[in-house]
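Welcome, and thanks for taking a look at this one. Have the viewer ready, and we will walk through a few contacts and packing features together.

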Amino acid sequence: MRNFVTTDRIMAAKDKAFKKALFINSPEDLKFWNEDYGLLYFGNEFCQRLMPSVGELERVIDFASAKGITISMVTCAVNDEGLRQIDILSGLLSASLPGSEMIFNDWGVLTLSQRYNLKAVLGRLLTKQKRDPRILGLSKKLNPGARKRFKESGLNPDFIRFLKMNRIARVEL
């Protein structure tokens with residue numbers, strides 16, 4: 001059985017409120033959905049071999065359609081074969097649930113989200129944020145400049161302009 005994760009994520013919604021999300025990588029995990037959730041994340045951000053099949057995505061799309069929600073499809077870094085599979089999945093998602101999101105962790109996937117008019121969201125793997133818990137133990141050994149670098153993400157003003165120029169709707173942190 002694959003793992004699932006629930007997280008609180010910030011959405012750029014009109015009310016700027018937190019929404020609770022269910023993050024799954026298998027349609028079998030849809031059984032954990034309840035009305036407390038406002039978002040459904042589906043996919044795998046770390047391993048191309050765990051990318052959903054067309055049939056799995058169809059099952060999740062049917063579920064989301066019945067609930068009146070869209071999907072945030074999570075993708076990982078991919079090779080050419082994985083890019084072809086994401087191309088197929090993107091077309092299916094766009095045709096079935098317009099307004100859904102594509103969370104991309106590979107710059108090649110950004111072009112697919114744009115081609116299929118899916119909301120592009122920069123994935124956590126591309127933010128260059130340092131998230132290793134061992135960093136806390138190092139903080140006393142680092143000089144102030146290095147300590148500051150570990151607290152930052154790569155979201156400087158030039159990069160933010162790049163995100164806006166490429167219609168990237170949001171950044172996952």
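Let us begin inside the protein, where Glu101 and Arg170 are both buried. This is a predicted model, so please read every value below as computed from it. The side chains of Glu101 and Arg170 form a salt bridge with an N to O distance of 2.5 Å. Because Glu101 sits in strand E5 and Arg170 in strand E7, this pair ties together parts that are 69 residues apart in sequence. Strand E7 spans residues 168-171, and the relative accessible area of Arg170 is 11%. Glu172 joins in as well: a network of salt bridges links Glu101, Arg170 and Glu172.

**Salt bridges**

How many salt bridges are there by this rule? The count comes to seven. Three of the pairs are set out here.

| Salt bridge | Closest N to O distance |
|---|---|
| Arg59 and Glu28 | 3.1 Å |
| Arg124 and Glu45 | 2.5 Å |
| Glu101 and Arg170 | 2.5 Å |

Arg59 lies in helix H1 and Glu28 in the loop between E2 and E3, so their bridge connects parts 31 residues apart in sequence. Both ends are partly exposed, Arg59 at 43% relative accessibility and Glu28 at 44%. Arg124 belongs to the loop between E6 and helix H4 (135-138) and Glu45 to the loop between E3 and H1, so this bridge ties together parts 79 residues apart in sequence. Here Arg124 is partly exposed, with a relative accessible area of 23%, whereas Glu45 is buried at 8%.

**Aromatic pairs**

The structure holds seven aromatic pairs. In one of them, Trp33 and Phe63 meet edge-to-face, with 6.0 Å from centre to centre and 80 degrees between the planes. Trp33 is in the loop between strand E2 (18-24) and strand E3 (37-43), while Phe63 is in helix H1 (residues 54-67), 30 residues away. Trp33 and Phe63 are both buried.

Why is the pair of Trp107 and Phe162 edge-to-face? Their ring centres are 5.7 Å apart and their planes are at 75 degrees, and planes over 60 degrees apart count as edge-to-face. This pair links helix H3 (residues 107-115), which holds Trp107, with helix H6 (residues 157-165), which holds Phe162, across 55 residues. Trp107 is partly exposed at 35% relative accessible area, and Phe162 is partly exposed at 30%. Ring pairs also join Trp107 and Phe162 with Phe104 and Phe159 in a cluster.

**Helix H3 and the core**

At the start of H3, a side-chain oxygen of Asp106 comes within 2.8 Å of the backbone nitrogen of Gly108. Within H3, Val109, Leu110, Leu112 and Ser113 are buried. They are on the same side of H3 because they cover an arc of only 165 degrees around the axis. Among the elements covering the buried residues of H3 are helix H2 (80-96), strand E5 (101-104), strand E6 (119-122) and E7. Just after H3, Asn117 has a positive phi of about 55 degrees.

The largest nonpolar core contains 34 residues, and Leu40, Ile71, Leu93 and Phe104 have the most contacts inside it. Several elements each supply at least two of its residues, including E2, E3, H2 and H6. The largest share, five residues, comes from H1. Leaving aside residues up to four places away in sequence, Ile71 touches residues including Leu40, Phe42, Val60, Leu93 and Glu101. A second, separate core has seven residues, among them Ala21, Tyr41, Val74 and Val121.

Methods: Residues numbered from 1 in each chain as written. Predicted model: local features only at pLDDT ≥ 70, side-chain atom pairs only at ≥ 80, totals over all residues. Heavy atoms only, no water. Helix = DSSP H or I, 4+ residues; strand = E, 2+ residues; numbered from the N terminus. Buried < 20%, exposed > 50% of the residue type's maximum accessible area, 1.4 Å probe, protein only. Phe/Tyr/Trp six-rings, centres within 6.5 Å; stacked < 30°, edge-to-face > 60°. Arc of directions from axis to C-beta. Contact = heavy atoms within 4.5 Å. Polar contact = N/O pair within 3.5 Å; in protein donor to acceptor, adjacent residues only side chain to side chain. Core = buried A, V, L, I, M, F, W, Y, C linked by side-chain atoms within 4.5 Å. Salt bridge = Lys/Arg side-chain N within 4 Å of Asp/Glu carboxyl O.
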